[in-house]
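Here is a walk through a two-chain model, written for someone who likes to check the numbers against the coordinates. Have a look at the structure first, and then we can go through the chains, the interface and the charged pairs.

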Amino acid sequence: MAQQRALPQSKETLLQSYNKRLKDDVKSIMDNFTEIIKTAKIEDETQVSRATQGEQDHYEMHVRAANIVRAGESLMKLVSDLKQFLILNDFPSVNEAIDQRNQQLRALQEECDRKLIALRDEISIDLYELEEEYYSSSSSLCEANDLPLCEAYWRLDLDTDSADGLSAPVLASPEPSAGPLQAAAPAHSHAGGPGPTEHA
Amino acid sequence: MATYSLANERLRALEDIEREIGAILQNAGTVILELSKEKTNERLLDRQAAAFTASVQHVEAELSAQIRYLTQVATGQPHEGSSYSSRKDCQMALKRVDYARLKLSDVARTCEQLLEN
């Protein structure tokens, strides 16, 4: 960075307080530990009786050990606060995290759309066969004027007046079975009709 | 932070520091326990005490470095970036897939019915 940005007062104060807490806690751990080690030394001459001195040392060690644990706990809290501050205010890593997430989601979306397009291309072939089968079978309930897709295109080929509002598709091949789906799907190699087409 | 798979080195470093603080307290306890025995193992005592001191200094240095980095990087402004738009697009793509699956199951069911008839 070229120059240090002036942080707002609250952030500056907060970071200074973190420093102070760190120094205090580390100092507390070290001092209490060294004092425990010193107290463990057995003196030959004592001001009070040995039993009393022993009790006093015992109590002092308890208190100092509790202080060490308290300082350790306070350090853990400091680390937790630092983590929180980092997540909220460390802009470089937040930007990186957002970019990564965007990339993941976009990749997933593209994968879904790619698979849907492939599915559409496969299904269009099968649907054509199904329609033929359905409309030529006895279970068809359609009216006489309601032509199936294949019939409509065949009629259109023979008689342009019976187009009946259907748009004229581009019929490059004389075979009626190859016509209809060619216009709908993008360039695909099912030109030979439903029979010889293979699913990949 | 565990919900996202973020490779955030600083957060991992802070987690290591947390583990090290636990190790500091463990070492201190071991040293005092060793001192309380009648026959103290001096080598273990020295090793644990050295490990304790080294850990404390390491933790202090690491935390100071993190605080220094935050002083340089933090601004007063909240971060207003979000991944909402790409999340919405992805959600719509998944909805499209679900819809296609629903329609395909309808077609399959219709075909089975016609075959049975």
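## Chain by chain

In chain B, residues 24 or more positions apart account for 62% of the contacts with a separation of 6 or more. Bear in mind that this is a predicted model. The secondary structure of chain B comes down to 3 helices and 0 strands, and the order from the N terminus is α-α-α. Chain B has 117 residues, and 26% of them are buried. What it exposes is about 8000 Å², with 52% of that supplied by carbon and sulfur atoms.

Chain A has 5 helices and 0 strands. Reading from the N terminus, its elements run α-α-α-α-α. Of its 200 residues, 29% count as buried. Among contacts in chain A between residues at least 6 apart in sequence, those joining residues at least 24 apart make up 57%. The exposed area of chain A is about 13600 Å², and carbon and sulfur atoms supply 54% of it.

## Where the chains meet

How many residues of each chain are in contact with the other chain? The count is 54 in chain A and 53 in chain B. People often describe the size of an interface by the accessible area lost when the parts come together. Here the area buried between chain A and chain B is about 4900 Å², and carbon and sulfur atoms give 77% of it. On the chain A side, A:Phe33, A:Lys83 and A:Leu86 lose the most area to chain B, and together they make up 12% of what that side buries.

As for polar links across this interface, the rule finds 5 residue pairs in polar contact, both partners at pLDDT 80 or more. On the side of chain A that touches chain B, the elements giving two or more residues are α1 (9-39), α2 (50-89) and α3 (91-136) of chain A. The largest share, 21 residues, comes from α3(A). Sorted by type, the residues on that side are 35 nonpolar, 12 polar and 7 charged.

## Charged pairs

Side chains of opposite charge can pair when their charged atoms come close. Over all chains, the salt-bridge count comes to 16, and 2 salt bridges are found across the interface of chain A and chain B. Here are some of the pairs, with their N to O distances.

| Lys or Arg | Asp or Glu | N to O distance |
|---|---|---|
| B:Arg96 | A:Asp113 | 3.0 Å |
| A:Lys83 | B:Glu18 | 3.3 Å |
| A:Lys27 | A:Asp31 | 3.0 Å |
| B:Lys37 | B:Glu34 | 3.4 Å |

Start with the salt bridge between A:Lys83 and B:Glu18. This pair crosses between chains, from helix α2 of chain A, which holds A:Lys83, to helix α1 (residues 9-36) of chain B, which holds B:Glu18. Is A:Lys83 buried or exposed? A:Lys83 is buried, because its relative accessible area is 17%, and the cut-off for buried is under 20%. B:Glu18 has a relative accessible area of 21%, so it counts as partly exposed.

Now take A:Lys27 and A:Asp31, which both lie in helix α1 of chain A. They are 4 residues apart, about one turn of the helix. A:Lys27 counts as exposed because its relative accessibility is 53%. A:Asp31, at 35%, is partly exposed.

Within chain B, B:Lys37 forms a salt bridge with B:Glu34. What is the relative accessibility of each partner? B:Lys37 has 43% and therefore counts as partly exposed, whereas B:Glu34 has 6% and counts as buried.

There is also a network to look at: A:Arg21, A:Lys77 and A:Asp81 are linked by salt bridges.

## A serine beside the arginine

A:Arg21 turns up again in the surroundings of A:Ser74. Where is A:Ser74 placed? A:Ser74 sits in helix α2 of chain A. Its relative accessible area is 18%, so A:Ser74 counts as buried. Once its neighbours within four places in sequence are left aside, A:Ser74 is in contact with A:Arg21 and A:Asp25.

Terms used:
Residues numbered from 1 in each chain as written. Chains lettered and ligands numbered in written order. Predicted model: local features only at pLDDT ≥ 70, side-chain atom pairs only at ≥ 80, totals over all residues. Heavy atoms only, no water. Contact = heavy atoms within 4.5 Å. Buried area = accessible area lost by both parts, 1.4 Å probe. Salt bridge = Lys/Arg side-chain N within 4 Å of Asp/Glu carboxyl O. Polar contact = N/O pair within 3.5 Å; in protein donor to acceptor, adjacent residues only side chain to side chain. Nonpolar A, V, L, I, M, F, W, Y, C, P; charged D, E, K, R; others polar. Buried < 20%, exposed > 50% of the residue type's maximum accessible area, 1.4 Å probe, protein only. Areas by Shrake-Rupley, 256 points an atom, 1.4 Å probe, with all protein chains shown as cover.
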